Amino acid sequence: MAIVILTGAGLSAESGLGTFRDKGGVWERFAIEDVATPEAFAKDPRKVHAFYNTRRKQCIEAEPNAAHFALATLQATLPTHIVTQNVDDLHERAGSEAIHMHGELRQALCASCEHRWPAPDAMRIQDHCPKCKTPSTRPDIVWFGEIPYHMDRIQKLMAEASLFVSIGTSGQVYPAAGFVADANMRGIRTVELNLEPSEGASLFDETRYGPATEIVPQWVSEMLTATQVVN
Ligand code: OAD
C-alpha cells in the first residue's frame with residue numbers, strides 16, 4: 001500500500017516560482033483566456049509562447065527547495081507516488097519521479113502528430129516538429145478545456161493508496177481538487193499541508209499550515225520515524 005502525494009504551486013513558491021491564485025499570483029497578472037486555453041493559442045500563439053517562455057526561463061533559474069528534497073527522501077524510502085499539477089521540473093531535479101498531470105514546461109508537443117521532445121529554452125511559432133516537420137509545435141501544457149494527462153494511471157494509484165496527502169494546492173482546479181473526496185470515499189487517511197486552508201480543507205482528516213519548506217520536511221521526518229518504529 002502506497003502513499004499518493006498531490007502537489008501544487010505552493011510547493012515551488014519558496015523556490016521563487018509564483019503561485020496562481022494568491023495575491024499577486026499569475027492569474028492576477030494574466031487572463032487565463034489570453035494565455036492558457038487552446039483558443040488563446042489559436043488566436044495569438046506568439047503571446048502564448050511568450051508567456052510560457054518566461055515561465056520556462058523562471059523554472060530553469062529556480063532551484064528545488066527543502067520540501068522537494070524531503071519528498072525525494074520519502075520516495076526513496078517508502079512506496080510513494082507523487083502526482084503534480086506543477087509544470088516545473090523541481091521534483092525531478094530534487095531526485096523524485098513525478099507524474100505531471102498538467103504537462104511540463106521543459107517538453108514541447110506537436111499539435112499535428114503528438115510527438116514530444118525537450119523544449120528549447122524559447123519556443124517560436126515557426127519551429128517545426130522534429131518528427132513530422134509541421135510548424136505546429138506548442139508547449140506540452142494541459143490548458144483549460146483540455147483533459148489532464150495520466151488520469152487512468154492516477155486513478156489506479158489512488159485506488160491502491162493507503163494515504164493521500166495534498167501539498168501546496170488551493171484545491172480549486174478539477175480533477176485534482178476531487179482527489180480528497182475520492183480518498184474519503186475509499187476510507188483512507190487524508191492529510192493537507194498548505195500555507196493556509198484550501199477550498200476543501202474540511203475534507204481532510206489532518207491539516208497542517210505553514211510554509212512548505214518547514215512543514216513538509218517536518219511531516220516527512222515524522223513519517224520516516226514512525227516507519228522505523230514499526231520496523
Ligand atoms: P494555486 O495558486 O491555486 O494555489 C497555491 C496554494 O499554495 C494556495 O493554497 C496557497 O495558500 C499555497 N501556498 C502558497 N505559498 C505556499 C508556501 N510557501 N508553502 C505552502 N503552501 C503555499 O495553485 P494550484 O493549486 O497548484 O493549472 O493551481 C492548480 C492549477 O491551477 C495549476 O496547475 C494551474 C493553475 O491554473 C494550469 O495551468 C492548467
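Which side chain meets that of Glu146 in a salt bridge? The partner is Arg138, with an N to O distance of 2.9 Å, where a salt bridge is a side-chain nitrogen of Lys or Arg within 4 Å of a carboxyl oxygen of Asp or Glu. The model is predicted, so local features need pLDDT of at least 70 and side-chain atom pairs count only at pLDDT 80 or more, while totals for chains, interfaces and linings use all residues. Residues are numbered from 1 along each chain as its sequence is written, and side-chain values use heavy atoms, with hydrogens and water left out.

**Salt bridges**

- The structure holds eleven salt bridges, and a network of them links Glu63, Asp89, Arg93 and Arg106.
- In the pair named at the start, Arg138 is buried at a relative accessible area of 10%, whereas Glu146 is partly exposed at 27%; buried means under 20% relative accessible area, exposed over 50%, and partly exposed in between, using a 1.4 Å probe and protein chains only.
- Arg189 forms a salt bridge with Glu206, the closest N and O atoms being 2.9 Å apart.
- Because Arg189 lies in strand β8 and Glu206 in strand β9 (residues 206-209), this pair ties together parts that are 17 residues apart in sequence; strands (E, at least two residues) and helices (H or I, at least four) are DSSP runs numbered from the N terminus.
- Arg189 counts as partly exposed, at 41% relative accessibility.
- Glu206 also forms a salt bridge with Arg208, and here the closest N and O atoms are 2.8 Å apart.

**Glu192 in strand β8**

- Glu192, found in strand β8, is buried yet has no salt bridge, and the nearest side chain of opposite charge, that of Arg208, is 11 Å away; for this purpose Lys and Arg count as positive and Asp and Glu as negative, with His and the chain ends not counted.
- The side chain of Glu192 makes polar contacts with the side chains of Ser198, at 2.5 Å, and Tyr209, at 2.7 Å; a polar contact is a pair of N or O atoms within 3.5 Å, where within protein one must be able to donate a hydrogen and the other to accept it, and residues adjacent in sequence count only if both atoms are side-chain atoms.

**Helix α9**

- Phe179, Val180 and Ala183 are buried in helix α9 (residues 179-186).
- These residues cover an arc of only 100° around the axis, which puts them on the same side of α9; the arc is that of the directions from the helix axis to the C-beta atoms.
- Gly187, whose phi is positive, near 80°, follows α9.
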